[in-house]
Amino acid sequence: MNSEDKKLLSTIVEGMQEKKAKKISVVDMSKLEAPCRYFVICQGESNTQVSAIADSVKDGVRTNLRIKPYGTDGYDNSLWIAMDYGVAIVHVFQPEPREFYDLEHLWEDAEITQIPDLD
């Protein structure tokens with residue numbers, strides 16, 4: 001993992017933790033044929049928290065790294081918000097859709113790092 005990727009992933013995780021995201025996973029798919037090198041996945045407990053987590057990530061990455069997402073989707077219902085940063089795609093879920101789509105296991109050959117919850 002190069003230093004730019006580390007900075008991006010760290011900034012994404014910090015943005016998630018700032019709004020008390022739970023069950024943060026970093027999925028390293030760099031050795032696989034995948035749409036990007038990393039997924040960063042977390043969950044919030046409500047539409048409001050999911051939106052706040054996504055906003056925190058977007059604001060933190062823009063402020064600290066001067067990077068904007070190529071695209072975002074899911075703000076209309078905030079059950080699952082995805083943000084595309086090229087090398088990394090951020091997924092902010094509510095618990096039910098996260099369990100249903102189970103992205104970590106779709107890429108089970110990837111290296112998955114679980115980030116401990118802060119509280």
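Biologist: Val-50 first: buried or exposed?
Modeller: Val-50 is buried, as its relative accessibility is 0%. Buried means under 20% relative accessible area, exposed over 50%, and partly exposed in between, with a 1.4 Å probe and protein chains only.

Biologist: And what kind of model is this?
Modeller: This is a predicted model, in which local features need pLDDT of at least 70 and side-chain atom pairs count only at pLDDT 80 or more, while totals for chains, interfaces and linings use all residues. Residues are numbered from 1 along each chain as its sequence is written, and side-chain values use heavy atoms, with hydrogens and water left out.

Biologist: Which element holds Val-50?
Modeller: Val-50 sits in helix α2. Helices (H or I, at least four residues) and strands (E, at least two) are DSSP runs numbered from the N terminus.

Biologist: How far is Val-50 from Leu-103?
Modeller: The C-alpha atoms of Val-50 and Leu-103 are 17 Å apart in space, with their positions 53 residues apart in sequence.

Biologist: Zooming out, how many helices and strands are there?
Modeller: The chain has four helices and six strands. In sequence order the pattern is α-β-β-α-β-β-β-α-α-β.

Biologist: What about overall dimensions?
Modeller: The C-alpha trace spans about 35 × 35 × 30 Å along the principal axes of the chain. The radius of gyration is 13 Å, which agrees with the value near 14 Å for a compact globule of 119 residues. That radius is taken over C-alpha atoms, and the globule rule is 2.2 Å times the number of residues to the power 0.38.

Biologist: What share of the chain counts as buried?
Modeller: The buried share is 41% of the 119 residues.

Biologist: Salt bridges next. How many in the whole structure?
Modeller: The search finds three. A salt bridge here is a side-chain nitrogen of Lys or Arg within 4 Å of a carboxyl oxygen of Asp or Glu.

Biologist: What does Asp-5 pair with?
Modeller: Asp-5 pairs with Arg-37, and their closest N and O atoms are 3.1 Å apart. This pair links distant parts of the chain, 32 residues apart: Asp-5 is in helix α1, and Arg-37 is in the loop between β1 (22–28) and β2. Asp-5 is buried, at 6% relative accessibility, whereas Arg-37 is partly exposed at 34%.

Biologist: How far is Arg-37 from Val-87?
Modeller: Their C-alpha atoms are separated by 5.2 Å, although Arg-37 and Val-87 are 50 residues apart along the chain.

Biologist: OK, Arg-62 and Asp-59. Where do they lie?
Modeller: Both are in helix α2, three residues apart, about one turn of the helix. Their side chains form a salt bridge at 3.2 Å, N to O. Arg-62 is partly exposed, with 37% relative accessible area, and Asp-59 is also partly exposed, at 34%.

Biologist: And Glu-104 with Arg-98, buried or exposed?
Modeller: Both Glu-104 and Arg-98 are buried. Their salt bridge has an N to O distance of 2.4 Å.

Biologist: Changing topic: what is the phi of Arg-66?
Modeller: Phi of Arg-66 is near 60°, a positive value in a residue other than glycine. Most residues other than glycine have a negative phi. Arg-66 is in the loop between α2 and β3 (71–73) and counts as exposed, at 77% relative accessibility.

Biologist: What about Ser-78?
Modeller: Ser-78 has a phi near 55°, again a positive value in a residue other than glycine. Ser-78 lies in the loop between β3 and β4 (80–84), and with 4% relative accessible area Ser-78 is buried.

Biologist: Another serine, Ser-10. Where is that one?
Modeller: Ser-10 is in helix α1, residues 3–18. It is partly exposed, with a relative accessible area of 34%. The C-alpha atoms of Ser-10 and Val-61 are 9.6 Å apart, across 51 residues of chain.

Biologist: Last one. Which residues gather in the patch of negative charge?
Modeller: Glu-45, Glu-96, Glu-99 and Asp-102 form that patch on the surface. Patch residues have over 30% relative accessible area and no salt bridge; like charges are joined within 9 Å, and nonpolar side chains (Val, Leu, Ile, Met, Phe, Trp, Tyr) within 5 Å.

Biologist: Where does Glu-45 sit?
Modeller: Glu-45 is in the loop between β2 (38–43) and α2 (47–65). At 52% relative accessibility, Glu-45 is exposed.

Note on methods
Areas by Shrake-Rupley, 256 points an atom, 1.4 Å probe, with all protein chains shown as cover. Lys, Arg positive; Asp, Glu negative; His and termini not counted. Charge placed at Lys NZ, Arg CZ, Asp CG, Glu CD.
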